[in-house]
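Ready to practise reading a protein structure? Take a look at the sequence and the model below, then work through the exercises one step at a time.

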Amino acid sequence: MPLDDQNTSNISRRTMLHAGAGLLSSAVLPLSSFAAFAADDKPAIGTWPAGSAGDTVYIGAAVPLTGAYAVQGADELKGWQLAVDHINNGHELMKALAPKVDKGLLGKKVELLSADSAAKPNQAVELEQNFIHQNNIILMTGSTSSAVAVALNKFAQREKILYVAGISGSNDTTGKDCVRYGFRQNFYGQTAANAIGPILLKTYGKGKKAAFMTPDYTYGHTVTKSVNDYLTSQGGWEMVTDQVSPLGTQDFSQYLTNIANSGAEFIVNVNWGRDAVLSIQQAKQFGLTPSMKMVIPYQIPFLAKEVGPELTAGVFAATDFWWTLQDKYPLAKQFVDAFQKKFGYRPEWGAENAYVSFAHWARMVSQAGSFYPPDVIKQYEKSETIPSLVGDVHYRPEDHQCVRPVVLVQGKDPKDMKSDDDYWNVVEVVDGAPLMQKPDEFGCNLGSYT
């Protein structure tokens with residue numbers, strides 16, 4: 001079954017029963033919770049006030065640590081772990097992003113809980129439900145699959161617990177499947193297409209023929225549509241074939257054979273995680289590249305490291321972050337240094353996205369002065385200009401999408417690499433606001449606060 005078909009419309013009956021049990025159990029609050037309720041004069045909602053009644057608040061991360069997206073999930077998890085360390089220790093980088101955070105959040109220690117979602121929506125929802133039952137989590141995170149992000153969006157809205165997406169590239173996450181309780185910090189299909197499209201047309205010209213490789217779920221279909229719409233409308237490019245494959249494909253030979261016979265001049269590879277690695281390696285083995293140019297509109301973390309820089313040399317890609325941006329942004333340098341010191345390698349953009357998402361959440365809670373979910377949401381919706389690791393950003397109140405730049409990179413030839421992880425040259429940091437669709441263009445309707 002394609003991952004998109006496992007979406008929230010197909011959440012298991014068992015999960016729904018668990019959710020119902022969670023709602024019943026949350027109605028039975030300890031005395032300390034009633035005291036908090038009386039003091040704040042606000043009705044109980046989600047896990048509030050029980051979740052913030054003690055000296056520790058909990059975050060639940062359903063993150064893929066096995067399967068096609070395991071490498072990226074592990075990198076994300078490290079970013080969240082570093083952020084929690086920095087919140088609890090009052091690190092100078094965290095204070096630059098969230099000035100009111102000082103050795104904890106509103107006087108409480110923050111603890112991160114995590115478990116393997118295997119990039120499966122049902123499994124991610126069940127994990128978060130367990131965290132709710134056992135720990136009264138006040139924030140959910142996770143996803144490298146947009147199908148997971150969409151499932152957790154809807155679960156968050158139903159449970160009234162905040163959710164910040166991990167990596168999620170589908171337009172739908174803050175489009176037709178947006179929710180009041182969900183937020184996304186990273187870039188996505190529409191912004192990737194509008195960022196990378198101009199450089200492709202400038203470099204290669206108009207009227208080209210492209211073969212697309214698309215993973216069969218919401219991320220793949222929306223990214224492919226956005227990129228193709230741009231290239232056809234602005235450059236007269238033609239999609240000669242769209243090879244759609246299920247998540248976890250091991251052998252891409254049938255798809256590559258179709259591409260070989262399509263007359264394509266370019267391969268626009270939208271695959272992600274291990275699927276991207278295997279499809280790129282096999283395209284080389286089939287002799288399709290470098291005679292056909294490869295384009296990666298939504299680059300995966302660790303791509304060059306996994307496939308080898310000789311296969312990414314000259315390839316244009318869009319991404320959230322690359323570590324050499326430390327030369328341009330002082331906060332990025334602080335992050336790269338802190339991450340490398342703790343984990344022994346320079347961070348990829350999954351870790352950067354994870355860290356910033358938590359820092360922004362901590363900022364909103366500390367600015368609101370409360371863990372009460374509607375208060376935190378409304379703090380996001382003030383749309384104030386706030387810092388990130390790549391300059392100032394803000395969240396759109398209409399769809400909860402962070403307006404942030406997209407980073408365009410081009411793969412370095414191995415002979416030009418200055419270190420063993422100097423894989424990419426940053427070509428341009430593109431302002432995010434002009435890249436984005438209007439807030440209601442993709443059908444966003446956030447829903448209620450309560």
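A residue counts as buried when its relative accessible area is under 20%. Keep in mind that this is a predicted model.

**Exercise 1. Describe helix H14: how many of its residues are buried, and what follows the helix?**

Step 1: Start with the span. H14 has 20 residues and reaches 28 Å from its first C-alpha to its last, close to the 28 Å expected at 1.5 Å a residue.

Step 2: Now apply the cut-off. With 18 of its 20 residues buried, H14 is mostly covered.

Step 3: Look just past the end. Gly369 follows H14, and its phi is positive, near 70 degrees.

**Exercise 2. Find which helix gives the largest share of the largest nonpolar core.**

Step 1: The largest nonpolar core holds 141 residues, and those touching the most other members include Phe358, Trp361 and Leu389.

Step 2: Helix H14, residues 349-368, provides the largest share of this core, with 11 residues.

Step 3: Zoom in on Leu389. Leaving aside neighbours within four places in sequence, Leu389 is in contact with several residues, among them Leu93, Phe321, Glu352 and Val356.

**Exercise 3. Work out which residues are closest to the centre of the largest pocket.**

Step 1: The volume of the largest pocket is about 230 Å³.

Step 2: It is lined by 13 residues, and Thr289, Pro290, Leu311, Ala313 and Val315 are the closest to its centre.

Step 3: Helix H10, strand S9 and helix H12 each give two or more residues to this lining.

Step 4: Sort the lining by type: eight residues are nonpolar, two polar and three charged.

Terms used. Residues numbered from 1 in each chain as written. Predicted model: local features only at pLDDT ≥ 70, side-chain atom pairs only at ≥ 80, totals over all residues. Heavy atoms only, no water. 1 Å grid on protein atoms, 1.4 Å probe; cavity = no way out; pocket = protein on both sides within 12 Å on 5 of 7 lines; lining within 4 Å. Points joined across faces, edges and corners; volume = space filled by probe spheres on them. Helix = DSSP H or I, 4+ residues; strand = E, 2+ residues; numbered from the N terminus. Nonpolar A, V, L, I, M, F, W, Y, C, P; charged D, E, K, R; others polar. Core = buried A, V, L, I, M, F, W, Y, C linked by side-chain atoms within 4.5 Å. Buried < 20%, exposed > 50% of the residue type's maximum accessible area, 1.4 Å probe, protein only. Contact = heavy atoms within 4.5 Å. Expected span 1.5 Å × (residues − 1).
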